[in-house]
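Welcome, and please open your viewer before reading on. We will go from stop to stop, with something to select at each one.

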Amino acid sequence: MMTFAAAVTSGFMNMFDFRTRAARAEYWWFQVIVIVAFSPVLLDVMYEGFFYIVEPVLYAYTMAVFTVLFCLISLTVRRFHDLNMSGWWYLLNFIPYAGHLIIIVFMLMKGNEGANQYGPPPSPHRA
């Protein structure tokens with residue numbers, strides 16, 4: 001089983017890798033980072049100016065959010081590869097509501113046991 005630290009490290013280290021596979025644990029542990037990264041934004045939108053953030057901090061935060069978002073896109077594509085599916089399935093995100101639910105179902109599915117067209121199965125302890 002992949003640990004939280006290994007999943008986060010792997011997510012960031014493989015952010016430009018759109019060819020290999022990612023384990024289910026890696027994907028879901030990285031989702032914790034996404035929730036933490038986007039929570040201040042959601043609170044600010046919900047409570048209309050809940051946070052007072054100075055401009056330099058806002059720019060740094062925005063860059064961090066985009067970095068995490070790019071890592072998540074890469075990780076989702078690699079997760080589809082673990083299911084022996086094309087990364088183009090990621091485009092389901094652009095179908096309101098239903099697309100997101102379909103992707104969640106796919107991300108919950110167990111990946112292929114052996115090697116597939118995208119390579120060997122991901123190591124559970126890879127970082």
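This tour starts with the whole chain, then visits a pair of helices and two pockets.

**Stop 1: the whole chain**

Please keep in mind that you are looking at a predicted model. Show the protein as a cartoon and you will find four helices and zero strands. Following the sequence from its start, the pattern reads α-α-α-α. Now colour by burial, if your viewer can: of the 127 residues in the protein, 37% are buried. Contacts are worth a look too. Among those with a separation of 6 or more, 73% join residues 24 or more positions apart.

**Stop 2: where α1 meets α3**

Select residues 4–13, which form helix α1, and then residues 55–82, which form α3. How far apart are the axes of α1 and α3 where they pack? They lie 9 Å apart, and the angle between the two helices is about 95°. Because of that angle, α1 counts as roughly perpendicular to α3.

Next, show side chains at this meeting place. From α1, pick Ser-10, Gly-11 and Phe-12; in α3 they meet Thr-67, Val-68, Cys-71 and Arg-78. Sorted by class, the contact of α1 with α3 has three nonpolar residues, three polar ones and one charged.

**Stop 3: the largest pocket**

Rolling a probe the size of a water molecule over the atoms shows where empty space is left. To find the largest pocket, select Ala-23, Arg-24, Asp-82, Gly-111 and Pro-122, the lining residues that lie nearest its centre. The full lining has 15 residues, and the space inside is about 290 Å³.

Which helices each supply at least two residues of this lining? They are α2, spanning 24–46, and α3. Colour the lining by class and you should count seven nonpolar, two polar and six charged residues.

**Stop 4: the second largest pocket**

For the last stop, select Tyr-27, Trp-28, Gln-31, Leu-69, Leu-72, Thr-76, Tyr-90, Asn-93, His-100, Ile-103 and Ile-104, which line the second largest pocket. About 240 Å³ of space lies here.

Turn the cartoon back on to see where the lining comes from: α2, α3 and α4 (98–108) each give at least two residues to it. How do the lining residues of this pocket divide by class? Seven are nonpolar and four are polar, with no charged residues. Flip back to the largest pocket, where six of the lining residues are charged, and view the two linings in turn.

Notes
Residues are numbered from 1 along each chain as its sequence is written. This is a predicted model: local features need pLDDT of at least 70, side-chain atom pairs count only at pLDDT 80 or more; totals for chains, interfaces and linings use all residues. Side-chain values use heavy atoms; hydrogens and water are left out. On a 1 Å grid over the protein atoms alone, a cavity is a set of points where a 1.4 Å probe fits but cannot get out, and a pocket is an open set with protein on both sides within 12 Å along at least five of seven lines; lining residues have an atom within 4 Å of a point. Grid points are joined across faces, edges and corners, and a volume is the space filled by probe spheres set on the points. Ala, Val, Leu, Ile, Met, Phe, Trp, Tyr, Cys and Pro count as nonpolar, Asp, Glu, Lys and Arg as charged, and the others, Gly among them, as polar. Axes are lines fitted to C-alpha atoms, for helices over the stretch in contact, and angles run from 0 to 180 degrees between N-to-C directions. Angles under 35 degrees count as roughly parallel, over 145 as roughly antiparallel, 65 to 115 as roughly perpendicular and the rest as oblique. Contact means heavy atoms within 4.5 Å. Buried means under 20% relative accessible area, exposed over 50%, partly exposed in between (1.4 Å probe, protein chains only).
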